[in-house]
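Open your viewer and get ready to select things one at a time. At each stop of this tour you will hear what to pick next and what to look for there.

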Amino acid sequence: MTILTGARRALLAGAVGAVGLFPFGALAQSGDTIKIGVIGEESAVAGASLTKAAVMAADEINAKGGLNGRKVEIITYDDHSSAADAVRAFQRAVSQDKVVAVIASYISEVVLAIEPWSARLHMPFITPGAASNLISKAVHDDYDHYKYTFHGWLTSAFIAQAVCDYAKDEFVGPRHMTTAVVMSEDAAWTKPLDEAYLECLPKIGLKVLDHIRFNPDTSDFTPIFHQIEDAHPDVIVTGISHVGVQPTVQWHDQQVPIPMVGQSSQATTSTFWKDTNGAAEGVITDTAAAPGVALTPSTVPFVTEYEKKFGVTPSYTGYASFDMVHVIAEAIERAGGSTDPDKLVIALEATDHLGTMGRIQFYGRDNLYTHAMKYGPGLVTTIAIQWQDGKQMCVWPRDKANSKIAFPSFIKLHASAN
Amino acid sequence: MAFLRSRVLWIGAAVVVTAALLPLWLSAYLLGVLTAAYYFGVFAMAWDLLFGFAGEVNFGPTFLIGLGAYTAAILNSEFGLPIPVCVVAGALAAVVGGILLAVPALRLRGPYFGLVTLVAVLLLQNLIVIFAGVTGGEIGMTVPDVLSIDEKVNYWFALAFLTICAVLLYGLSRSAVGLILQASGQDAVEASALGFNVTKHKIAAFCISALFSGTAGALLIFYMGTASINTVIDLAIAVQIIIAAVLGGRRTILGAALGAVVLIVANEFLRPLGQLNTFVVSAVALAVILFFPEGLLGYALHRGERE
Amino acid sequence: MRAVQILVDGFAISSLYGLAAVGFTLIFGVSGVLNLAHGGIMVVAALIGWAAAAEFGLNSYAGTGLGILAGLATAYATYLIVVRPIQRSRAIRPEETEIFVLTGTLLWGIMIQVGMAYLFSDNPVTIRPLVAGVVNVLGVRTPANEILIAIIAWALIGLLWLLVNRTRTGKALLGASMNPRGVTLLGYELTRIYFIAWTIYGLLAGIAGVLLASFLGVGTANTGQLTASAFSIVVLGGLGSVSGSLIAAYVVGYLETMTAYLVAPTLRPIPALILLVLVVYVRPQGLLGRR
Amino acid sequence: MSGAVRLRVSELNKRFGGVVAVKNMSFDLRAGEIVGLIGPNGSGKSTVMSLIMGIQRANSGTIALDGTDIARWPAHRIARAGVAIVFQHSRPLQRQTVLENIKLALLPDSLLRLATEASVTERARAIAESVGLGGVLHRHPWTLPFADLRRMEVAKAVARDPKVVLIDEPFAGLTATEIKTFSDLIRSLRDAERAVLLVDHSVKSVAALADRVIAMYLGERIAEGNAAEVMQNETVRRVYLGGAIEAVKRTSAGADAATLLDIGSVDVFYGKAQALERIDLRVHQDEFVSIVGLNGAGKTTLFNAISGLVPYRGLIRFGGRDLRNLTAAAIARAGIVHCPETRELFGYMSVRENLDLGGGHLSSGERQTQLAWVFELFPILEQRQAQAARTLSGGEQQMLALGRALMMQPKLLILDEPTLGLAPVILAQMSKAIERLRKERSLTLLLAEQNVTFALPHSDRLYLLDHGRVAWQGDPARFAAEMRTGYL
């Protein structure tokens, strides 16, 4: 905490300095640095992680002598997770600060608001955390217009796929589970997620007994858990991001005897344990990577470095935006140093980067998910982590796992079976 | 006053001319900021007509704006109607909504009226989420047509729109009706004893306010290219509008526009403060309310009168 | 079964709504202030309470206490920095004080929200339950903490009732809410009465904040929501009427819970809003409002 | 003199909840006459006025303007039909000039007529001239003296050439000279064949103007005729003076005693209106002093100044201590207990709670004895202990107010219009109670009354207040002698 605030004070001081030095609108512009705009909400753990990791990536590149001699500069903007703010920040990045590409936001609503602007202003734009299928769908449907947008995180469909994959390996197989209830917040990214859940869960042998969507403003989850319990499922499959602490804590305090697995974005952040006072124990979520899990050679060093710098471990957006800075950098190199948007797009499409999350490639225009990150073995599969007394332990895939799945005492497996 | 009015006229003209020339110097981005600010200015002026003159505190300006914006957006994306038609329809929708809200609500006083307008926003918000099929729910919707992708054109258009609205609303506030409205807002009993149908005039004020809010809302989404809850409906927007009007000076119409521009530009100017810019802006606004309750323009005018 | 579940689940949340609203209505009754920074005060209490335990390692009771004090301090700040200057300002005409207090507290609330988010991030946080474990109430598995919270809430409301109806200070408060000039003529300093009222309010809001944090979890994002719900509950019950607010709290609480159970969790807030509008139209003074 | 009947009010009734404010009022207003409608506070005269204007709706009865019943019309329609009103306190548009304020009154009630024709401006100018505002057309209201603001209100009222003009408290806050010019203004209305209704507290102030005076009391008409007749009318005299004045010889207590309250040349302004002018007044220990004078003479204002409720110029000392820097509450705690005309009870609290609050500063023992004494003074309060104050009758409320004040063990008790609108029976009880106060407690009393008969027996000395100035002072005997006539 204190370290964090310290860091923020510094950031603030710097910012104030900036305001003082340059009169409004006249920020210094040097031709030989490559500017990348990064937009995220500092107040949100995921957002803060997003910008910090990006800066780290740039430092790393510059430390190695930059991009064929040119420094990479990250300019961060706070969008307060508001679409309007984000669009304005995007415009500022493009026409004021003359960035060559923008990495922005992990919230689908915001990303979808920026996307048309990236098209209009011909500005390469990557989201390191939003999930909605619509992002890449737009590119697919109107490639020439939307081709500047890339999706630097798995689309909802693939997240669902990942969840189904490890549910199959861990629950259906060894634990003979047969039924599930899908519990998602009512938001842009969960619509395709739920569709995919409802499609793939039965395929792996989990009958979906009920499908509950709730208002993201919900603070009292008691009714929802009761409703779920009445269906007597073996497992709750979650799709939550805007909420996370509250349902988890209430799940724990009410001792809902059913395990929660799936996607719970807040559970991927390292502060989750403190925020929930340990109620997170046993929660399983899908995420990009985790501390101490060597998905690739660069994963662990990144996490250690990040933790050293900021005193916390990165949230999933951190891994993604760290990788995306590198992806952009490599693309520029591939484009022969050119930062021309259209050349850059072509270069980005050729991406093949071994990042902290895995091997990163984007689908081509023929694929339904044009410019979305490829999912699959040998590429990015994501991992499943479970909170076990204060730590995020990797429990899937087996070859990466550093722990076994274990549930708190109040979880009664096979609530329905016997 | 007559002298003062003409002075306002001249200053106004000067301001507009300078503003029109800004694209010569300002970057596209700054123009973008000002463009948004100008639409905001119209929101704030419309609000001031209702509060400053009719004396009704409307906590839900975004209810009217949202109606205009979403009607236009839906017509455009669902039925592909041309922008002008959508804007007109949006404006009408706002007026109708305004009447439906005002007629019963105007019986209420003080916080009650405020609360009802506030709840109206929340309900609209929920409705949009529920009918996500048409409205795009939380994602909001992308409208196929935009006014223009050229910042300058957008800017001049917004400026022209703001100017027209300012002239109309300011003129109205100075007109006979404006005088009557002000009287009704200040002391309804006395106004009616002077032979004025207070309710009629207040409803009219509400409609006019709705008309301008709706139109501006519709145009705004055709500038932004997207209509989403947190761009045109969210209470945060309503709060900004109210702050803008109070900041610029109640009962001045023009002050509201001024306040809006100041507020948005300040917000942008302080963006380097990152997450804290909202904090600073609110603090400044609070300070103004505490120390210059007259508002920026109100303060200036009052000084003018005292001299 | 459903009915019992609704009955049990709705109770605690309703009593919390009540606790939060009572202070809000008290302040309005005594000093005519609608404090739109209300949610902010609760959030401060919750976050400080959490941070004290989670970040600075106090035990959860000390942390909770600290949180409540923080809430109280914020209430004082609201009064001294925002409300009183506006009420005393010569430049603001009496009939405009209301809108200025509303706007002022609104801005203040935003400042609190952003400031807290800056310090603690906007992640919702939870205060460790005062008691762990669950008990079975009429066949509904209920966290012991939830029951304790309901008890605390009611104990406090009881205390408040005693204070107002059985002590001289309370009588003076009540008097001031009916006729400020009257109590002045009887030699009671209004400034002191207001100070007491804000103290009670700060404590109630603070306690409501930490209890909510230990029951459901609270984040800076909830600020507006908390204010809105208190505001509407108080209007529903009748501005300035304590018992009215309590009833309204239960009406809203159960209406929401029922909607969540019987209709859909997504629609949770809507019926309450509609009811509010209807009541305001049909009976502007609220359920138990005077005049 | 007596032109055609313009306005005919018949069988007008208005109730507020249980209270009857206006009871079977009937009267005519003729073109070109000035009628004074008088009565003490709460007599219902103001209600009659707002019923005519349509600001409130009558429960029954008719108000015919040139034959058409307007009783249930909305105010703006009535105004259009030719009734105008001059409010006592009005709020002009501050940002507009005098001329614009008058223009406002000339505007059509239409949403479409945005422009004001030149003719309107001309008319407004003419009207301004006619009321003597020609010189200040382009000034802003807040720069004008109070008298001119009143003129402006008249100008607005007559702008639409009304047949009937209602004027509330025409002379409140005006100086003697201003009253004269203002009277001429009102006469000019009569000369323009308008029917004018002056609503005022006292016959005296309208006597010079009114062709006819109607006196009201407790919602009913008690007398009608020319000013002289009404002044001589027994009922009226009883209402105002409490019947014939008989002198009471009393051994003047504490005339030589130490000065308890010392008021030196106190001025009070309400905005621009001067409410008190160089008041000098002295009250000695244990002395009972009465301030008599009609409503609006400044009695209440004086009391508010003493108990620190209104800002004042000049000096007020209590037992030698300057009160200026004390808060109202501190003054009350110092022993000056103010029992105001408005009573200021806690309506939703029980009688007992009201009394307890009064005794809040006493030890519980003292409070008990004090309470017992108050109950002995007003037995009815003991029976009503548990009842909510607002449910008491007017008389009982007055007793409660007095009782609550006594609970504070006052050194100086300020009693403002205790008999206002009370039935004679109650008057007797109050009178006894006050008599007992003198006997049983060491207490100094400052009493304000328009009912001289009630005041005299309890007074060691009297001050007569008139238009904010002390017009006369002396002992009861002399008052009886000198003031018997022409007091009204």
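## First stop: two helices in chain C

Helix α2(C) passes α9(C) in a right-handed crossing. To see this, select residues 38-54 of chain C for α2 and residues 223-237 of chain C for α9; their axes come within 7 Å and cross at roughly 125°. α2(C) and α9(C) are therefore oblique to each other. Before going further, please keep in mind that this is a predicted model.

Now show the side chains where the two helices meet. On the α2(C) side, pick H38(C), G39(C), G40(C), M42(C) and V43(C). On the α9(C) side, pick T223(C), G224(C), Q225(C), L226(C), T227(C) and A230(C). Try colouring them by class: the contact of α2(C) with α9(C) has four nonpolar, seven polar and no charged residues.

## Second stop: where chain C meets its neighbours

Which chains share the most contacts, of the five pairs of chains in contact? The pair to select is chains A and C. Here 34 residues of chain A are in contact with 30 residues of chain C. On chain A, look for α1 (2-21), β7 (207-214), α9 (222-230), α10 (245-253) and α11 (272-275), each of which supplies at least two residues of the side that touches chain C. Coloured by class, that side of chain A has ten nonpolar, 16 polar and eight charged residues.

Next, keep chain C and bring in chain D. In this contact, 15 residues of chain C meet 21 residues of chain D. Select α6 (168-178) and α7 (180-185) of chain C, the elements that give two or more residues to the side of chain C that touches chain D. α6(C) gives the most to that side, with six residues. The residues on this side of chain C divide into six nonpolar, five polar and four charged.

What about chains A and D: how far apart are their nearest C-alpha atoms? Show these two chains alone and you will find that they do not touch, with their nearest C-alpha atoms 36 Å apart.

## Third stop: the two domains of chain A

Hide everything except chain A and give its domains two colours. Domain 1 takes in 2-153 + 296-360, while domain 2 takes in 157-287 + 383-396. Their C-alpha centres lie 29 Å apart. The contact takes 13 residues from domain 1 of chain A and twelve residues from domain 2 of chain A.

Zoom in on α2 (45-63) and α4 (108-120) of chain A, the elements that give two or more residues to the side of domain 1 that touches domain 2. The largest share of that side, three residues, comes from α4(A). By class, this side of domain 1 of chain A has seven nonpolar, five polar and one charged residues.

## Fourth stop: chain D

Switch to chain D and turn on the cartoon view. Chain D has 18 helices and 20 strands. Its radius of gyration is 24 Å, close to the 23 Å that the globule rule gives for 488 residues, so chain D is as compact as a globular protein of that length. Along the principal axes, the C-alpha atoms of chain D fill a box of roughly 75 × 45 × 45 Å.

Chain D is also divided into two domains, so to speak two selections for you: domain 1 (5-241) and domain 2 (259-483). The C-alpha centres of these domains of chain D lie 33 Å apart. Between them, 16 residues of domain 1 of chain D are in contact with 15 residues of domain 2 of chain D. Highlight α5 (146-159) and α9 (234-241) of chain D, each of which supplies at least two residues of the side of domain 1 that touches domain 2.

Stay with α5(D) and add helix α3 (residues 98-106) of chain D: the two pack at an angle of about 25°, with their axes 8 Å apart. That makes α3(D) roughly parallel to α5(D). Show V98(D), N101(D), I102(D), A105(D) and L106(D) in α3(D), which meet M152(D), A155(D), K156(D) and A159(D) in α5(D). By class, this contact of α3(D) with α5(D) has seven nonpolar, one polar and one charged residues.

## Last stop: chain B

Finally, select chain B, whose secondary structure comes to 15 helices and two strands. Along its principal axes, the C-alpha trace of chain B spans about 50 × 45 × 35 Å.

Notes:
Residues are numbered from 1 along each chain as its sequence is written. Chains are lettered from A and ligands numbered from 1 in the order in which they are written. This is a predicted model: local features need pLDDT of at least 70, side-chain atom pairs count only at pLDDT 80 or more; totals for chains, interfaces and linings use all residues. Two residues are in contact if their C-beta atoms, placed from the backbone, lie within 7 Å. Helices (H or I, at least four residues) and strands (E, at least two) are DSSP runs, numbered from the N terminus. Ala, Val, Leu, Ile, Met, Phe, Trp, Tyr, Cys and Pro count as nonpolar, Asp, Glu, Lys and Arg as charged, and the others, Gly among them, as polar. Domain bounds come from an automatic or database domain assignment. Axes are lines fitted to C-alpha atoms, for helices over the stretch in contact, and angles run from 0 to 180 degrees between N-to-C directions. Angles under 35 degrees count as roughly parallel, over 145 as roughly antiparallel, 65 to 115 as roughly perpendicular and the rest as oblique. A crossing is left-handed if the near helix is turned anticlockwise from the far one by less than a right angle, and right-handed if clockwise. The radius of gyration is taken over C-alpha atoms; the globule rule is 2.2 Å times the number of residues to the power 0.38.
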